[in-house]
Amino acid sequence: MQENSLGDKTMDESRQGEAIQLQDGEKVNGKKLYLESYGCAMNFSDSEVVASILRDKGYTTTRDEREADVVLINTCSIRDNAEQRVRNRLANFNKAKREKPGLVVGILGCMAERLKKQLLEEEKMVDLVAGPDAYRDLPNLIEEVDGGQKAVNVLLSRDETYADISPVRLDQNGVTAFVSITRGCDNMCSFCVVPFTRGRERSRDPHTIVQECQDLFEKGYREVTLLGQNVDSYRWNMTSKGEVKDPEKPTTNFAQLMEMVAQVNPKLRIRFSTSHPKDMTDDVLHVMAKHKNICNYIHLPVQSGNSENLKRMNRGYTREWYMDRIHAIKRIVPNCGISTDIISGFCGETEEEHKDTISLMKEVKYDLAYMYKYSERPKTLAERKFEDDVPEEVKQRRLEEIINLQLSHSLEINQAQIGKVEEILVEKESRRSTDQMVGRTDRNHKVIFDRKDKKIGDYCLVKITDCTSGSLIGELVEE
Ligand code: 5AD
Ligand code: SF4
């Protein structure tokens, strides 16, 4: 079995060639952009910022790569296989370039930052490289390429949050949207490349966040997911040590931000990701419990159930601390869905340590888990300090044990939902049949049901009648 994510948070599938509509009065420059995204939700959200920046310069977008004048691939570096997938796609676009020499091919995001000029110079795979903080420069970079040069901007910024840019929604369902609240990460988990590719952590002005959520609601959106590598360290007008920067102005922490967003409209559901066990406060949980429209669901990556392993991972908490946070969730937010990320076979992981991960999973019983084999990443603390010494077959076997256990837990939790009546938000048509729709419960369980008169964006009540480990089956009930 390959590494697995039981759910769709990490979007290991790419999202390709999204089309945007120009609004009345907008100028068209005749050029077509094809945008393809890989990796985490933050990348998908960034692609919406990129589409907005280029739309303002008159670009239209296409879903057909053969029509494109500019191809941009928003990339992920988190594990080696994510990078390999992008390299394969780049090879394809290079073939297309031979037939269409004017085609501009660029890479954005984490690989751009990590590999910088290597992709331009040594591998000659691309014309343009733009890191996560350089998207405002894209129109100039494309012009440079049109002028016959290769173009690169991978400067990381201390304050870029794209706060003033109104993202073009590429997701098409018109109901659920991502809203970035922080960029970058200061945590330096020893396995993780993100602090190197996305730079220092910075928070976005809360008023622009609330405004964006308000605009989304007015356009018909009914759910926002507030995004950050570590949402719990969101702070506005405060230093990382918690000191006030400008005493004349108010400060905002994550609990307060959630409260502000929850008040936009009771019909707007709020989700958030990712929470960090070392920073998640009871205040956040109390705000969740207080507002019905803040969904009862927390993604709280544990990575490992063993304190020594967590120390090598530089996660900043022990198993006991993590379990205390789980108990706090269960106490303050009853019926809260909990999901996690787990890495198998990190440097030095013993069989005993792996067993601790298994026992922690049994103690918590996650609704959902995203499970990975450790993949060594260049420049990270782990690469410099530790040996990647768990043999591949051991990593694989441990991963399979973790996945199998999680499958049984997901099934057990789903079975416990049978007979309940849940309010769901309808998100899309089912892939299998246009007579069926897919929605989500507050606790983030996917529910499939016969549509009758229901439309995307409706809230409705369903009775859960059956399930698999991946989804619930329900039927509409009269309200
Ligand atoms: N190897 C395997 N998994 C990793 N993750 C981050 N870096 C690595 C790596 N080097 C996983 C972590 C993180 C999730 C987004 O990806 O579990 O929470
Ligand atoms: Fe990576 Fe850790 Fe930051 Fe998450 S919190 S992005 S795992 S360094």
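In the predicted model, helix α1 (41-55) and strand β9 (176-180) each contribute at least two residues to the lining of the largest cavity. The lining comprises 14 residues in total, and those nearest the centre of the cavity are Ser45, Val49, Pro167, Ser180 and Arg204. Six of the lining residues are nonpolar, three are polar and five are charged. Because domain 1 (3-153) and domain 2 (176-415) both give residues to this lining, the cavity lies between the two domains. Its volume is about 80 Å³, and a search of the whole structure yields one cavity of 30 Å³ or more.

A further set of residues encloses ligand 2. The shell around this ligand is formed by Cys185, Asn187, Met188, Cys189, Phe191, Cys192, Val194, Pro195, Gln229, His276 and Arg315. When these residues are divided by class, seven are nonpolar, three are polar and one is charged.

The strand arrangement was also examined. Strands of a sheet pair through backbone hydrogen bonds, in either a parallel or an antiparallel manner. Five strands of the model close into a barrel, in the order β19-β20-β21-β23-β22, and their pairing is mixed. Neighbouring strands of this sheet are turned against each other by 50° on average, with direction ignored. Within the barrel order, β20 is followed by β21. Strand β20 (residues 436-441) pairs with strand β21 (residues 446-450) in the antiparallel sense, over five bridges. In this pairing, Gln436 is placed opposite Asp450 of β21.

Methods
Residues are numbered from 1 along each chain as its sequence is written. Chains are lettered from A and ligands numbered from 1 in the order in which they are written. This is a predicted model: local features need pLDDT of at least 70, side-chain atom pairs count only at pLDDT 80 or more; totals for chains, interfaces and linings use all residues. Side-chain values use heavy atoms; hydrogens and water are left out. A residue is near a molecule or strand if one of its heavy atoms lies within 4 Å of it. Ala, Val, Leu, Ile, Met, Phe, Trp, Tyr, Cys and Pro count as nonpolar, Asp, Glu, Lys and Arg as charged, and the others, Gly among them, as polar. Two strands pair if DSSP finds at least two bridges between them. Helices (H or I, at least four residues) and strands (E, at least two) are DSSP runs, numbered from the N terminus. Axes are lines fitted to C-alpha atoms, for helices over the stretch in contact, and angles run from 0 to 180 degrees between N-to-C directions. On a 1 Å grid over the protein atoms alone, a cavity is a set of points where a 1.4 Å probe fits but cannot get out, and a pocket is an open set with protein on both sides within 12 Å along at least five of seven lines; lining residues have an atom within 4 Å of a point. Grid points are joined across faces, edges and corners, and a volume is the space filled by probe spheres set on the points. Domain bounds come from an automatic or database domain assignment.
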